Amino acid sequence: MSYEFDYLVFIGRFQPFHQGHKFVINQALTLAKTVLVLIGSANSPRTTKNPFSFDERESMILGAFDDECRIMCLPVDDNLYNDQKWLSEVQALIYHVVGDDDKVGVVGYHKDKSSYYLSLFPSLGCVNLPNYENLSATPIRKRYFDCGEIDENLPDNVARFLDKFKNSEDYLRLQREYNHIAEYQLAWQHAPYPPVFVTADALVVQAGHILLIERGGDYGHGLYALAGGFLDTHETLFECVVRELYEETGLVIDPNALKSEHTFDAPDRSARGRTITTVFYFELSGDELPALKAGDDASRAFWLPLGKLDGKMMFEDHHSVILKVLGL
């Protein structure tokens, strides 16, 4: 059989994999010898937005096809604040697989602004497909965590997996988090305008270690985060970060240790609502790490070697923030 492409690349998060995704891959299989599926947010922890691991999503995809030998899945990490790094890593994945003489294209559909990646590969062919029945994974996840509903627009193997996953501790924890977020948003339902929250976070580094807290409570429970919190009405952002740093870690920071400050305002960086944060980067001197004492929202405060940073353990966008500020 003659194919128009040797490889077609399909990029998505597939949280979960649904019939719209399957339609794209089916169409791609008629056009290409091999479909290369790049699964995004592979370095994210389980959250209500990214509830399933790379391995689970790979199984969803391959299990939905009889001809799975022509489908190859690879993980793609998030780089929320560095498009060029994300793009270079995606290119490296593609060119590690394809040959110099292979004809390669990108396949997908313009669902929303998250589909912008289709325009980032001008040197490759592009196959634009219609959005199959306007399906989106977001409402599928919402109904799943809201009432345990298994959407009818899922392949049979995916529906079976989601039904089994409902009996897991991970599902119960995510459902608690989902309910916490819903209750949080309910408190603002009568505001005249959608609220915009302002926070300040501390990125403190010393001797190759970074200061982190482990979150308590239902939202982001057990995940690692920068110390920080919401701005009080009477304080400046710098006063806020100094206060939060002390309350959550017991560390009294020297203002002279401030190296820089950065604003992060990705509209969906927090599931609770629009939240804009200023990150204050402090660099401490000396080879003896200060003692810490967790408090407030933190169940633990600790120093982590920078070489042990793991996106799968990090809260919200804090891993991307750290990579951006430190240039890692």
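How many of the residues of strand 4 are buried? In this predicted model, strand 4 covers residues 104–108, and 5 of its 5 residues are buried. This briefing starts with strand 4 and then turns to helix 4, strand 11, helix 7, a pocket and one loop residue.

**Strand 4 and its partners**

- Side chains in a regular strand alternate between the two faces of the sheet.
- In strand 4, V104, V106 and G108 point one way, while G105 and V107 point the other way.
- The residues of both sets are buried.
- Strand 1 (residues 5–12) pairs with strand 4 in the parallel sense, over 3 bridges.
- Within strand 4, V106 is the residue that stands opposite V9.
- Strand 5 (residues 125–128) also pairs with strand 4 in the parallel sense, over 4 bridges.
- G105 has G125 of strand 5 as its bridge partner.

**Helix 4**

- An α-helix has 3.6 residues a turn, so residues three or four places apart point the same way.
- Helix 4 spans residues 137–147, and its buried residues are A137, I140, R141, Y144 and F145.
- Viewed down the axis of helix 4, these buried residues fall within an arc of 120 degrees, so they line one face of the helix.
- They pack against helix 5 (156–165) and helix 6.

**Strand 11 and its partners**

- Strand 11 runs over residues 275–284 and is mostly covered, with 8 of its 10 residues buried.
- Strand 6 (residues 197–206) runs parallel to strand 11, and 10 bridges join the two.
- L284 in strand 11 stands opposite Q206.
- Strand 10 (residues 258–264) pairs with strand 11 in the antiparallel sense, over 6 bridges.
- F264 has T277 in strand 11 as its bridge partner.

**Helix 7**

- Helix 7 (residues 237–249) has 13 residues, which at 1.5 Å a residue should span 18 Å.
- The C-alpha atoms at the ends of helix 7 are 18 Å apart, which agrees with that expected span.
- The buried residues of helix 7 are C240, V241, E244, L245, E248 and T249.
- Seen down the axis of helix 7, they fall within an arc of 125 degrees and therefore line one face of the helix.
- Strand 6, strand 7 (209–215), strand 9 (227–230), strand 11 and strand 12 (298–305) are the elements that the buried residues of helix 7 pack against.
- G250 comes just after helix 7 and takes a positive phi of about 80 degrees.

**The second largest pocket**

- The volume of the second largest pocket is about 370 Å³.
- Its lining is made by 26 residues, and those nearest its centre are R215, G228, F230, R272 and D297.
- Helix 6, strand 6, strand 7, strand 9, helix 7 and strand 11 are the elements that give two or more residues to this lining.
- Strand 9 provides the largest share of the lining, 3 residues.

**An exposed loop residue**

- Y193 lies in the loop that runs between helix 6 (169–186) and strand 6.
- Is Y193 buried or exposed? The cut-off for exposed is over 50% relative accessible area. Y193 has a relative accessible area of 67%, so Y193 is exposed.
- Y193 and T138 are 55 residues apart in sequence, and their C-alpha atoms are 23 Å apart in space.

Note on methods: Residues numbered from 1 in each chain as written. Predicted model: local features only at pLDDT ≥ 70, side-chain atom pairs only at ≥ 80, totals over all residues. Heavy atoms only, no water. Buried < 20%, exposed > 50% of the residue type's maximum accessible area, 1.4 Å probe, protein only. Pairing = 2+ DSSP bridges. Expected span 1.5 Å × (residues − 1). Arc of directions from axis to C-beta. Contact = heavy atoms within 4.5 Å. 1 Å grid on protein atoms, 1.4 Å probe; cavity = no way out; pocket = protein on both sides within 12 Å on 5 of 7 lines; lining within 4 Å. Points joined across faces, edges and corners; volume = space filled by probe spheres on them.
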